[in-house]
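Work through the exercises below with the sequence and the model open. Each task is followed by a solution in steps.

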Amino acid sequence: MELNQRQEKILKIVKQHGPITGSKIAEQLSLTRATLRPDLAILTMSGYLDARPRVGYFYTGKESEEVMTSKIRNILVSEVQSVPILIKEDTSIYEAVVKMFLEDVGTLYAIDNNKALAGVISRKDLLRGTMGGNDIEKTPVSVIMTRKPNITICYPNDLLIYAANQLIEKQIDSLPVVEERDGIDQVIGRVTKTTITRVFVNLME
Ligand code: ADP
């Protein structure tokens, strides 16, 4: 069951201030007790809140499976994305390795002269680049990167669950978050397996 905005607000108030009477909740929301009655009834019936006479409403502390699932389902990429590490596509493999260590990331994104996404460089791409006799100080990452149109991307307004599915399906570690700015697909974030793990842990806590 989806809660409406007002029910979410009531839940928040009770979580913070419970046990709290219906009138006090109404006061905090600048509404009348009568207006709140149906919402309080729904919240109580669905098990989010419990009510005791003369004590008031309190939060049951039990997030139903449904609540948890709908929470997860509604997380947007923009809410959890992290900062992308970008390099120019003519950066050398050597510089890219250094960058990866300094920034402590597993994937770099290459951009072209217009700052548009041009490629993805993973750890294994760099390892491959160091083999086979390349001069890694001279060879640009554009030679080893996965390039457009083979890049799997996501958008800030995508659901996180979509991004997570892509990571699994494509067997990759990260997705660049792309937004069109000035007619150019710019990388504004990244979603990685760590992002998903962090969300998972936060929800559990
Ligand atoms: P690693 O290669 O270090 O295990 P990945 O599993 O992320 O890391 O990368 C595997 C391959 O998939 C690499 O060649 C990489 O360039 C490519 N890759 C990584 N992320 C993406 C993406 N978002 N879209 C397309 N290809 C990607």
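Buried means under 20% relative accessible area, exposed means over 50%, and partly exposed lies in between. The model is predicted.

**Exercise 1.** Classify D135 and its salt-bridge partner K138 as buried, partly exposed or exposed.

Solution.
- Step 1: D135 has a relative accessibility of 38%, so D135 counts as partly exposed.
- Step 2: K138 has a relative accessible area of 68% and is therefore exposed.
- Step 3: The closest N and O atoms of the D135–K138 salt bridge are 3.5 Å apart.

**Exercise 2.** Describe the salt bridge between R128 and D125, including the spacing of the two residues and their exposure.

Solution.
- Step 1: The closest N and O atoms of R128 and D125 are 2.6 Å apart. The cut-off for a salt bridge is 4 Å.
- Step 2: Both residues belong to helix 7; because they are three residues apart, about one helical turn separates them.
- Step 3: R128 is partly exposed, at 48% relative accessible area, whereas D125 is buried, at 7%.

**Exercise 3.** Locate the two partners of the salt bridge between D173 and R123, and state which network they belong to.

Solution.
- Step 1: In this pair the closest N and O atoms are 3.9 Å apart.
- Step 2: The pair links distant parts of the chain, with D173 in the loop between helix 8 and strand 7 (174-181) and R123 in helix 7 (residues 123-130), 50 residues apart.
- Step 3: D173 has a relative accessible area of 37%, so D173 is partly exposed.
- Step 4: R123, D173 and K193 are linked in a network of salt bridges. The structure holds eight salt bridges.

**Exercise 4.** What does the side chain of R190 reach, and how far away is the nearest side chain of opposite charge?

Solution.
- Step 1: R190 is found in strand 8 (residues 184-192).
- Step 2: R190 is buried and has no salt bridge; E103, the nearest side chain of opposite charge, is 7.5 Å away.
- Step 3: The R190 side chain reaches the backbone oxygen of V83 at 2.6 Å.
- Step 4: Leaving out residues up to four places away in sequence, R190 touches several residues, among them Q81, V83, Y109 and L175.

**Exercise 5.** Is Q7 buried or exposed, and which residues does Q7 touch?

Solution.
- Step 1: Q7 is found in helix 1 (residues 5-17).
- Step 2: Its relative accessibility is 4%, so Q7 counts as buried.
- Step 3: Not counting residues up to four places away in sequence, Q7 touches E2, D39, I42 and L43.

Terms used: Residues numbered from 1 in each chain as written. Predicted model: local features only at pLDDT ≥ 70, side-chain atom pairs only at ≥ 80, totals over all residues. Heavy atoms only, no water. Helix = DSSP H or I, 4+ residues; strand = E, 2+ residues; numbered from the N terminus. Buried < 20%, exposed > 50% of the residue type's maximum accessible area, 1.4 Å probe, protein only. Lys, Arg positive; Asp, Glu negative; His and termini not counted. Polar contact = N/O pair within 3.5 Å; in protein donor to acceptor, adjacent residues only side chain to side chain. Contact = heavy atoms within 4.5 Å.
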